[in-house]
Amino acid sequence: MSAFSDIFKKAQDAISNLRDKDEGSSSCDESVADPKELASIPEKLRNECATILSATPEQFALEHDMILKDQKDQQDDGAVAIARGRAMFNSRASSASLFSVNLGKMRTMRLFFSNPENTSGQLVIATHDSHYKILHFHHGGLDKLAQLFEQWSAIKARSVKEGSPSPAPDRHLLICQPAVKKNELDPEDGLFERVHWDYWKTFKNAEGAIHDSQTIRKALYFASMEPNLRKEIWPFLLRVYPWESTVEQRETIRNDLFLEYQNIKMKRLKKAASSKHWDGLENTVVKDVVRTDRKNPFFAGEENPNVDMMRDILLNYAAMYPDVGYIQGMSDLLAPLLSTLKDESEVYWCFVGLMQQTLFSKSSESLMEQNLEYLRELIKLLVPEVFSYLWQLGGDSLQFMFVHRWILLFFKREFAESDALHIWEACWARYRTQYFHLFVCVAIVSIYGPDIISQKLPHDEILLYFSSLANHMDARVVLKKARGLLHHFVNREKIPCSLAGVVESSGMSQWDSHKKLQAYECVKKHGDDEPCPYA
């Protein structure tokens, strides 16, 4: 693990302790499984999953002495107000509910809008010595504050022009309203409506088979689906049922899988009775499931049978895949499947299909490294100014620590669940690539990355910066940007050979059958002066 990862892990240990104290649960024991069974899963990944996934920007900033505290004890501090065209400072002592700070002495103030109406989001205030205050606006009002700050900024600029000294740089105030230009969009963006029941039925033949899965997946990629269709379509996307299967065939598959699942449950119970390591694993799972999505009514309340169902599914999966076992974060991915599909057997098999598309698998470490390598190359190609800045920072900057949680949890902690599920469905559609999640990462970096350059943030503040954007990004804009990036990528005259696997393994060339074969350019050394297999 990198030096920065070690620092981050210490912060996360404190976070886990705080979260456990708040929720009445102790932190997870990460060394409960049989070492022989889990030999193929590096302890490095387990530790990282158990720490990074529970990060909050406030706790990270507190651990690293980056929290901007109320400066009410300082003589020249106060709250800013706009009155009669000039800036006024309120020097009254602050109460416990009032945060006051001298905005004129701040390094930056950044407002990030997270909804199309530009009313909600967050305000991030930073001092010159890298201390931060993050204020969240979940229910509107940020637009009003932005108007006041714009007035204040205009007054400040005028006073500086008239000779008043000011240590603040020109980019003291930044209001971020993410948008995608027309030339950055996929040309087909906006042509598809969200898949609804009547549209879905048009793809079924008389026997109930889906006769054109490519087109329906393309529609899901661009426009997602109505929530009431997820129970029927998700098992197709997660490869439980073949698209070409008939209603009768699916019923046979469903019955066979149900019987197989009952056998799995019995095997798990026998294993629990005979394995001395199993109690520890079960305790770890129980501690996680009782803290997962408890705000969702489906999992709320004491002695909720749905929580028990989540526990059983995770334990059954761990029993059937002992080389993977259970890794913290799996419950986050399982919860939406369970609350949507509700049937335990069907949820289990969909979860198995989902795990095959995530980093929670036998080759987790190599998958993470492969994803990070592809991501580095994509950012280098598509957002070169951000890559160049991170490269100049050196150290751990190119480890992209800020994206690990995005990839591990498929953005579930970065967006509201309704938005995160749209991203999941776009990824599951496998339109042109099985790595669409990486284009979502690049889209976030492309939209919000230029600010880290203008503010000249060091790598630890970059992690805090992106972590603080969680649940304050506009998923609609991010998805449009990601689709546009993928479109421009696959239509490049030549693709670097280092990214050949991003499109080569997609299996979706039927959408581009009218185009000539993809051309590549060699950008790296292959073996002992071997010729490039692509260029």
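Mentor: Before we start, accessible areas here come from the Shrake-Rupley method with a 1.4 Å probe. Please also keep in mind that this is a predicted model.

Trainee: How much area does the chain expose, and what percentage of it do carbon and sulfur atoms supply?
Mentor: The exposed area of the chain is about 25000 Å². On the inside, 53% of its 535 residues count as buried. Of the area that is exposed, the part supplied by carbon and sulfur atoms is 50%.

Trainee: What pLDDT does the chain average?
Mentor: Let's take the weak stretches along with the average. Residues scoring at least 70 make up 73% of the chain, and the average pLDDT is 80. Over residues 1-42, though, the pLDDT is below 50, and the model gives this stretch 90 contacts beyond near neighbours in sequence. Residues 505-509 also have a pLDDT below 50, with 11 such contacts, but the value you asked for, the chain average, is 80.

Trainee: Why be careful where pLDDT is low?
Mentor: A contact in such a region rests on predicted coordinates. Where pLDDT is low, those coordinates are not something to read in detail.

Trainee: Which helix gives the largest share of the largest nonpolar core?
Mentor: This core has 130 residues, and those touching the most other members are Met330, Phe436, Ile444, Tyr448 and Phe466. Another core lies apart from it, with 11 residues that include Met106, Ile125, Leu142 and Leu145. Back in the largest core, 12 residues come from one helix, spanning residues 436-454, and that helix is H17.

Trainee: Is Ser331 buried or exposed?
Mentor: Ser331 sits in helix H11, which covers residues 330-341. Leaving out residues up to four places away in sequence, Ser331 touches Asp288, Thr292, Met310, Leu314 and Tyr326. Its relative accessibility is 2%, and the cut-off is under 20%, so Ser331 counts as buried.

Trainee: How far apart are the C-alpha atoms of Ser331 and Arg291?
Mentor: Along the chain, these two residues are 40 residues apart. In space, their C-alpha atoms are separated by 9.3 Å.

Trainee: Which residue in S5 is the bridge partner of Gln122?
Mentor: Strand S4 spans residues 121-126, and 6 of its 6 residues are buried. S4 runs antiparallel to S3 (residues 108-113), with 6 bridges joining the two, and Arg110 has Val124 in S4 as its bridge partner. S4 also pairs with S5 (residues 132-137) in the antiparallel sense over 6 bridges. In S5, the partner of Gln122 is His136.

Trainee: How many aromatic pairs does the count come to?
Mentor: Two rings pair if their centres lie within 6.5 Å. By this rule, the count of aromatic pairs is 27.

Trainee: Are the planes of Tyr348 and Trp349 stacked or edge-to-face?
Mentor: Planes under 30 degrees apart count as stacked, and those over 60 as edge-to-face. Tyr348 and Trp349 are both buried. Their ring centres are 4.9 Å apart and their planes lie at 85°, so the pair is edge-to-face.

Trainee: Which residues form one aromatic cluster?
Mentor: Two of the residues that touch the most other members of the largest nonpolar core, Tyr448 and Phe466, will be familiar to you. Both belong to the cluster, whose members are Phe112, Phe400, Phe402, Trp406, Tyr448, Tyr465 and Phe466.

How values were computed. Residues are numbered from 1 along each chain as its sequence is written. This is a predicted model: local features need pLDDT of at least 70, side-chain atom pairs count only at pLDDT 80 or more; totals for chains, interfaces and linings use all residues. Side-chain values use heavy atoms; hydrogens and water are left out. Rings of Phe, Tyr and Trp (its six-membered ring) pair if their centres lie within 6.5 Å; planes under 30 degrees apart count as stacked, over 60 as edge-to-face and the rest as tilted. Buried means under 20% relative accessible area, exposed over 50%, partly exposed in between (1.4 Å probe, protein chains only). pLDDT is the predictor's confidence in each residue, from 0 to 100. Contact means heavy atoms within 4.5 Å. Helices (H or I, at least four residues) and strands (E, at least two) are DSSP runs, numbered from the N terminus. Two strands pair if DSSP finds at least two bridges between them. A nonpolar core is a set of buried Ala, Val, Leu, Ile, Met, Phe, Trp, Tyr and Cys residues joined through side-chain atoms within 4.5 Å.
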